[in-house]
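Thanks for asking me to look this one over. My notes are below, in an order that should be easy to follow with the viewer open.

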Amino acid sequence: MNLINLDWSLILPALVAGMLVLTTHVPLGQEVLKRGIIFIDLAIAQMAALGVMAATIFIGDMHGPWLQVSAAASALSASVLVLWLEKRYPHIVEALIGLLFILAASGGILLVSHAPHSDELLHDLLVGQILWVTTSHLLWVGLLYAALLLIWFTMQSQRSWLFYIVFSLTVTASVQLVGVYLVFASLILPALASRGFEKPRHKLLLGYGIGFLGYFFGLILALLLDVPMGAMTVWTLFVLVVISRFMLQWLKQR
């Protein structure tokens, strides 16, 4: 496949999915970096994935409301635990969050070890199926994100506990949309690119810009090279962040 023959009907829904994810993940990722709890997104994303696996295997619910309830309950439970750990063991909280991620990931592998299509289920939850998102899926995720962004940017004084609720519900939807790997990349990489900027607006603009370019070029490269879109987009985001940091450093030295 070449650029002329690219099927934009495949790229546009995936790009919309990526933009939706970035609307929430850029500001939340900056908050994660500020709090110094980098592994929280991986841990909660993996717990949400564990909830999806449980609903799929025990209830047989691939797309219905019980899947969303199970995923959200798992993510919110993990958030409550992380909030308690942050207050009870502040000096080792990052190690404990990493342990939570490992336990959730291992538990997921054990859960699906005897389930039909287990390899496909694990692959979808880790790498994502961004290429096959539907309009109805994008619509309900967009409505959810809009509500969560409104809450996040208006309830400034309650952010100490609000962060965990908004984060959990956001990640629950994002994991099913783009997979665990892209959830982590979308949270951390744009936040790293904007690190060092003092004005929140400048940080958000740079984060959104890097995120958009990462998804745009990642999706195109994935189709051109015939490789998984999620994995390719992670690497594209990483390369763009490295380039942006070098460019910013060069501009500061001039």
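The numbered points below go through some helices, a salt bridge, a loop residue and a surface patch.

1. A word on the source before anything else: this is a predicted model. Please read each value below as computed from that predicted model.

2. Let me begin with helix H6, which covers residues 135–154. Its 20 residues should span 28 Å at 1.5 Å a residue, and the C-alpha atoms at its ends are indeed 28 Å apart, so expectation and model agree.

3. Which residues of H6 are buried? They are His137, Leu138, Val141, Gly142, Tyr145, Leu148 and Trp152. Looking down the axis of H6, you will find these buried residues within an arc of 140 degrees, so they line one face of the helix. Thr135, Ser136, Leu139, Leu143, Leu150 and Thr154 are exposed on the other side of H6. The exposed set includes Leu139, Leu143 and Leu150, while Leu138 and Leu148 are among the buried residues, so a leucine in H6 can be found in either group. The general background is that an α-helix has 3.6 residues a turn, so residues three or four places apart point the same way.

4. Two residues of H6 deserve a closer look. His137, in helix H6, has a relative accessible area of 18%, and because the cut-off for buried is under 20%, it counts as buried. Setting aside neighbours within four places in sequence, His137 has contacts with Gln176 and Leu177. Thr154, also in helix H6, is exposed, with a relative accessible area of 54%; the cut-off here is over 50%. From Thr154 to Val26 the C-alpha distance is 17 Å, with their positions 128 residues apart in sequence.

5. How many salt bridges are there? The count comes to one. A salt bridge joins the side chains of Glu31 and Lys34, with an N to O distance of 4.0 Å. For a distance of 4.0 Å, you may want to keep in mind that the rule asks for within 4 Å. Both residues belong to helix H1 (residues 8–35), and because they are three residues apart there, about one helical turn separates them. Are the two partners buried or exposed? Glu31 is buried, at 9% relative accessible area, whereas Lys34 is exposed, at 68% relative accessibility.

6. Helix H4 (residues 93–112) contains Leu110. With 65% relative accessibility, Leu110 counts as exposed. The C-alpha atoms of Leu110 and Ala75 are separated by 19 Å, and the two residues are 35 apart along the chain.

7. Please also check the backbone at Asp226, whose phi is near 60 degrees, a positive value in a residue other than glycine. As general context, most residues other than glycine have a negative phi. Asp226 sits in the loop between helix H9 (200–225) and H10, and Asp226 is exposed, with a relative accessible area of 70%.

8. My last point concerns the surface. Trp235, Phe238, Val239, Val242, Ile243, Phe246 and Met247 make a nonpolar surface patch of about 730 Å². One of these, Phe238, lies in helix H10 (residues 229–253). Phe238 is partly exposed, at 41% relative accessible area, and because a patch takes residues with over 30%, this value is enough for Phe238 to be included.

Notes
Residues are numbered from 1 along each chain as its sequence is written. This is a predicted model: local features need pLDDT of at least 70, side-chain atom pairs count only at pLDDT 80 or more; totals for chains, interfaces and linings use all residues. Side-chain values use heavy atoms; hydrogens and water are left out. Patches are made of residues with over 30% relative accessible area and no salt bridge: like charges are joined within 9 Å, nonpolar side chains (Val, Leu, Ile, Met, Phe, Trp, Tyr) within 5 Å. Accessible areas come from the Shrake-Rupley method with a 1.4 Å probe; for residues, only the protein chains shown count as cover. Helices (H or I, at least four residues) and strands (E, at least two) are DSSP runs, numbered from the N terminus. Buried means under 20% relative accessible area, exposed over 50%, partly exposed in between (1.4 Å probe, protein chains only). The expected span of a helix is 1.5 Å times one less than its number of residues. The arc is that of the directions from the helix axis to the C-beta atoms. Contact means heavy atoms within 4.5 Å.
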